[in-house]
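Hi,

Here is the structure I promised to pass on to you. Please open it alongside this message, and my notes on what turned up follow just below.

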Amino acid sequence: GSKLDPSLEKISDRAWLDIIGNNKVKDDHGHNWIQVDPGHVLESSVRQFSGSLQRIARRHPERFARLSLLFSNDVDPAYVSAILDGCTAKAPDANIPENEKSSWKPASIAAIETLLNKFKVGDDRETAISFCRLILARAAEDWSDKTLSRLTHYAKNHSDLEQGKFNVPSNQADKDVSVDTLYQNSLNCVRGVAAEAIAGLLWEHPDWLEKLRPATESLVQDKHPAVRMAAIEILLPLINLDKNQAVEWFCLACSDDLRVAASPRAREFFNYTIKSHFDKIGSIVKKMINSSLDDVAKEGAIEVTARWLFYGFFDQELQICLSGTIPHRQGIAVITSQYFHDEKYLLKCQNLLKPLLNDPDKEVRNELYGLYHKIESLDDPQIKPFLMEYLHSQTFID
């Protein structure tokens, strides 16, 4: 922890300026700490002091937004990032003192934008991410064109992530990195968080689409698949504004890497577009089940099974998956056990589930846990014959 934390409430604005301007406080700790109990030390470092600044700024966001205007122009970016993080708060934190809650107010947009104008667009990753998260947290605000231009700049030009690199590490080669690793990276890079912020703005300000179009066009064509995965977040509100454009950009984002189409965001996009744009969206799903990557093939089988249940699509592809690889059968197991409790799909699910109950691979049988998420529905007389088969299956033995 920080040496400032025990007296955080007593530090004056003048003292904060002295602390933040103290060049003797270094980035790395260098073991400049004191032991306070067997499990904790308090440290003097920019990292720890900026954490303290962020915590007190969340309690008094307007005060610290204004105080930051007195920071020197060459202040360590971690302190600017801390103020921006403090300004994300729209309501008082649950753990702030009761006597502060009644007078608590969020930082005004005027104060925030004055701060942003003082500290111009730079390449510092920490500040850029804090800025994007601030815009996302307060997307309903009436941000100026200058602030939107800053967001567009980060979306189009920031170096984080570099092609072939990952902030959330993986020991796999780039082309084999899992869908989940890409997804985690999409949440933890500047251009990815910029995409989330743009999506938040479009939900709140659909009339800003043209202002944000250049950033969106860049993100859906980004060289890094994790960033294109994040860009799908923007396409969800776009479905309500220009569905054809949303589908076109989705296909572009997925065009050379099907891991993008296998992401959690893509599943939601499929929900709203596959029926109306089956030719384009359906062709992506068909490619997914033929992928050599297990997690992509599994997600493809999930899509095939779900759309077959809902709309009768993908009859041929479902047959391929039924006799296909372990990931194919896992995908079928995920969806059928999930919708087994829905009377509308019960009979279809039972027919798909029966061979899976004795699947030779335990990885497939393990995906049938969804059968139990609504225990009360097991009293349905229509389910009794299936349950009798289940009681004599390898899944029951498992």
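**Helix pairs, pockets and two backbone oddities**

Let me start with α17 and helix α18 (residues 326-339), whose axes lie 8 Å apart and which pack at an angle of about 115°. On the α17 side, L318, C321 and L322 make the contact, and α18 answers with H328, R329 and I332. Sorted by class, the residues of this contact are four nonpolar, one polar and one charged. Please keep in mind throughout that this is a predicted model.

Just before α17 there is a backbone detail to look at. F314 sits in the loop between α16 and α17 (315-322). Its phi is positive, at about 60°, although F314 is not a glycine. For context, most residues other than glycine have a negative phi.

A second backbone detail is in the loop between α8 and α9, where L161 lies. The peptide bond that leads from D160 to L161 is cis, and its omega is near 15°. Most peptide bonds, by contrast, are trans.

**Two more helix pairs**

Helix α8 (residues 145-157) packs against helix α10 (residues 190-204) with the axes 8 Å apart and an angle of about 140° between them. That angle makes α8 oblique to α10. The crossing in which α8 passes α10 is left-handed. From α8, the residues in the contact are L148, L151, Y154 and A155, while α10 brings V190, R191, A194, A197, I198 and L201. Which classes of residue make up the contact of α8 with α10? There are nine nonpolar residues, no polar ones and one charged one.

The other pair is helix α12 (residues 225-238) with α14; here the axes come within 8 Å and cross at roughly 30°. The two helices, α12 and α14, are therefore roughly parallel to each other. Their crossing is left-handed. If you want to find the contact on screen, select M229, A230, I232, E233, L235 and L236 in α12, which meet R265, A266, E268 and F269 in α14. By class, the contact of α12 with α14 divides into seven nonpolar, no polar and three charged residues.

**Pockets**

What volume does the largest pocket have? The value is about 180 Å³. Its lining is formed by I20, G21, N22, N23, V25, V46, S72, D74, V75, D76 and Y79. In that lining, five residues are nonpolar, four are polar and two are charged.

The second largest pocket has a volume of about 160 Å³. Around the second largest pocket you will find V179, D180, Y183, A262, S263, P264, R267, D295, K298, E299 and I302. Three elements each give two or more residues to this lining: α9 (179-186), α14 (264-273) and α16 (294-311). Which of them gives the most? That is α16, with four residues. The lining of the second largest pocket has five nonpolar residues, one polar residue and five charged residues. You will recognise α14 here as the partner of α12 in the helix pair above.

**The cavity**

How many cavities of 30 Å³ or more does a search of the whole structure find? The search finds one. The volume of the largest cavity is about 40 Å³. Its lining consists of F340, L371, Y372, L378, F386, L387 and Y390. By class, these lining residues are seven nonpolar, with no polar and no charged residues among them.

**Where to look, in short**

If you have only a few minutes, I would go to these places:

- the cis peptide bond from D160 to L161
- F314, with its positive phi
- the second largest pocket, to which α16 gives the most lining residues
- the largest cavity, lined by residues including F340 and Y390

Happy to go through any of this together whenever it suits you.

Best wishes

Methods: Residues are numbered from 1 along each chain as its sequence is written. This is a predicted model: local features need pLDDT of at least 70, side-chain atom pairs count only at pLDDT 80 or more; totals for chains, interfaces and linings use all residues. Side-chain values use heavy atoms; hydrogens and water are left out. On a 1 Å grid over the protein atoms alone, a cavity is a set of points where a 1.4 Å probe fits but cannot get out, and a pocket is an open set with protein on both sides within 12 Å along at least five of seven lines; lining residues have an atom within 4 Å of a point. Grid points are joined across faces, edges and corners, and a volume is the space filled by probe spheres set on the points. Ala, Val, Leu, Ile, Met, Phe, Trp, Tyr, Cys and Pro count as nonpolar, Asp, Glu, Lys and Arg as charged, and the others, Gly among them, as polar. Axes are lines fitted to C-alpha atoms, for helices over the stretch in contact, and angles run from 0 to 180 degrees between N-to-C directions. Angles under 35 degrees count as roughly parallel, over 145 as roughly antiparallel, 65 to 115 as roughly perpendicular and the rest as oblique. A crossing is left-handed if the near helix is turned anticlockwise from the far one by less than a right angle, and right-handed if clockwise. Contact means heavy atoms within 4.5 Å.
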